Amino acid sequence: MTEIVRCMIGEETAKKIATVQCSNNTISDRIHKISDHIEDQLINRLKSCNMFAIQLDESTDVAGLSILLVFVRYIFETSIEEDLLLCTPLDTNTTGKEIFKVIDSYMNKHQVDWVKCIDVCSEGAAAMVGKIKGTVTNKKCHSSHCVLHRHALVSKKMPLELKQILNEAICIVNYIKSRPLQSRLFKKVCEEMGSQHYSLLFHTEVRWLSRGKVLSRLFELRDDLKIFFRDKIYLYLRVISSYYMMTNGL
């Protein structure tokens with residue numbers, strides 16, 4: 001960093017930069033202080049606002065750890081703000097009672113009034129909105145269903161023509177992404193064409209929002225794909241034909 005400052009600004013400024021402590025402990029301490037300051041600002045806003053709504057999501061990461069995310073939406077001055085309120089692992093059960101216990105403990109710790117919570121948005125799972133032990137049931141708050149999740153459920157019943165296009169797109173992506181050599185060659189094509197992206201995205205049924213991102217990235221790199229498959233047309237036909245043989249049980 002000192003060398004960059006010396007080259008861009010000058011020797012005098014570089015000497016001042018060199019006096020700043022940049023050890024791992026120092027940087028870590030500053031990050032935690034900034035994080036605590038941002039959290040204090042958010043808590044003060046929630047205490048001063050008249051009402052707020054929260055959105056809950058509980059999912060398991062790649063390491064198998066269950067993570068609870070709580071987003072909050074509130075009115076600050078003349079605008080509606082949305083921030084991440086809580087991100088914490090669930091060490092034991094992921095039942096509605098346990099989820100509510102974690103959120104309630106956080107609210108009580110920071111003295112945020114539950115009465116101001118006018119709505120709890122979730123994906124509609126039993127742990128969230130169950131009539132007996134759901135998270136929402138514990139406080140008897142008004143609940144709503146996540147609109148994006150509804151869209152994902154509706155899109156599962158897509159027409160056959162659109163489903164066929166999606167499957168063909170996934171076949172093309174899988175052919176390139178599952179083969180390191182093809183991935184490197186495709187990246188080289190993208191670099192030579194000056195594309196914004198150098199790789200395609202995987203689609204997974206679990207992360208349902210990835211469907212639109214996969215198709216968008218595929219469309220953005222359509223010209224790169226044409227050039228990539230121009231000399232490999234037989235490979236493209238083999239990929240598509242293998243998909244039809246698989247779907248038709250041949």
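1. In helix H11, which spans residues 222-230, the buried residues are Asp224, Leu225, Phe228 and Phe229. These four cover an arc of only 120 degrees around the axis, and therefore they sit on the same side of H11. On the other side of this helix, Lys226 and Arg230 are exposed. The model discussed here is a predicted one, and this should be kept in mind through the points that follow.

2. For an overall view, the protein chain contains 12 helices and 5 strands, and buried residues make up 31% of its 250 residues. If we take the contacts in the protein chain with a separation of 6 or more, 52% of them are accounted for by residues 24 or more positions apart.

3. What packs against H11, and at what angle? Helix H8, residues 160-177, packs with H11 at an angle of about 65 degrees, and the axes of the two helices are 13 Å apart. The crossing in which H8 passes H11 is left-handed. On the side of H8 the contact is made by Ile172, Tyr175 and Ile176, while H11 brings Leu225, Phe228 and Phe229 to it. When the residues of this contact between H8 and H11 are divided by kind, 6 are nonpolar, and there are no polar and no charged ones. Leu225, Phe228 and Phe229 of this contact have already been met among the buried residues of H11.

4. The largest nonpolar core has 23 residues, and those that touch the most other members are Leu46, Phe52, Ile54, Val70, Val72, Leu85 and Ile103. The elements that give two or more residues to this core are helix H3 (24-48), strand S1 (52-60), strand S2 (66-76), strand S3 (79-89), helix H4 (96-109) and strand S4 (117-122). H4 provides the largest share of this core, with 5 residues. Apart from this core lies another, of 15 residues, and among them are Tyr175, Leu218, Leu221 and Phe228. Tyr175 and Phe228 also take part in the contact of H8 with H11.

5. Cys190 deserves a separate look. This residue is found in helix H9, residues 180-193, and Cys190 is buried, with a relative accessible area of 0%. If its neighbours within four places in sequence are left aside, Cys190 is in contact with Ser195, His197, Tyr198, Leu221 and Asp224. Of these, Asp224 is one of the buried residues of H11, and Leu221 is a member of the core of 15 residues. Cys190 and Leu225 are 35 residues apart in sequence, and their C-alpha atoms are 8.8 Å apart in space.

6. Two residues should be checked for their backbone angles, since most residues other than glycine have a negative phi. Glu77, which is not a glycine, has a positive phi of about 60 degrees. Glu77 is found in the loop between S2 and S3, and Glu77 is exposed, with a relative accessible area of 66%.

7. Where is the other residue with a positive phi, Gln111, placed? Gln111 lies in the loop between H4 and S4, and its phi is near 55 degrees, a positive value in a residue other than glycine. Gln111 is exposed, with a relative accessible area of 65%. The elements on either side of these loops, S2 and S3 for Glu77 and H4 and S4 for Gln111, are among those that give two or more residues to the largest nonpolar core.

Technical notes: Residues numbered from 1 in each chain as written. Predicted model: local features only at pLDDT ≥ 70, side-chain atom pairs only at ≥ 80, totals over all residues. Heavy atoms only, no water. Buried < 20%, exposed > 50% of the residue type's maximum accessible area, 1.4 Å probe, protein only. Arc of directions from axis to C-beta. Core = buried A, V, L, I, M, F, W, Y, C linked by side-chain atoms within 4.5 Å. Axes fitted to C-alpha atoms, helices over the stretch in contact; angles between N-to-C directions. Left-handed = near helix turned anticlockwise from the far one by under 90°. Contact = heavy atoms within 4.5 Å. Nonpolar A, V, L, I, M, F, W, Y, C, P; charged D, E, K, R; others polar.
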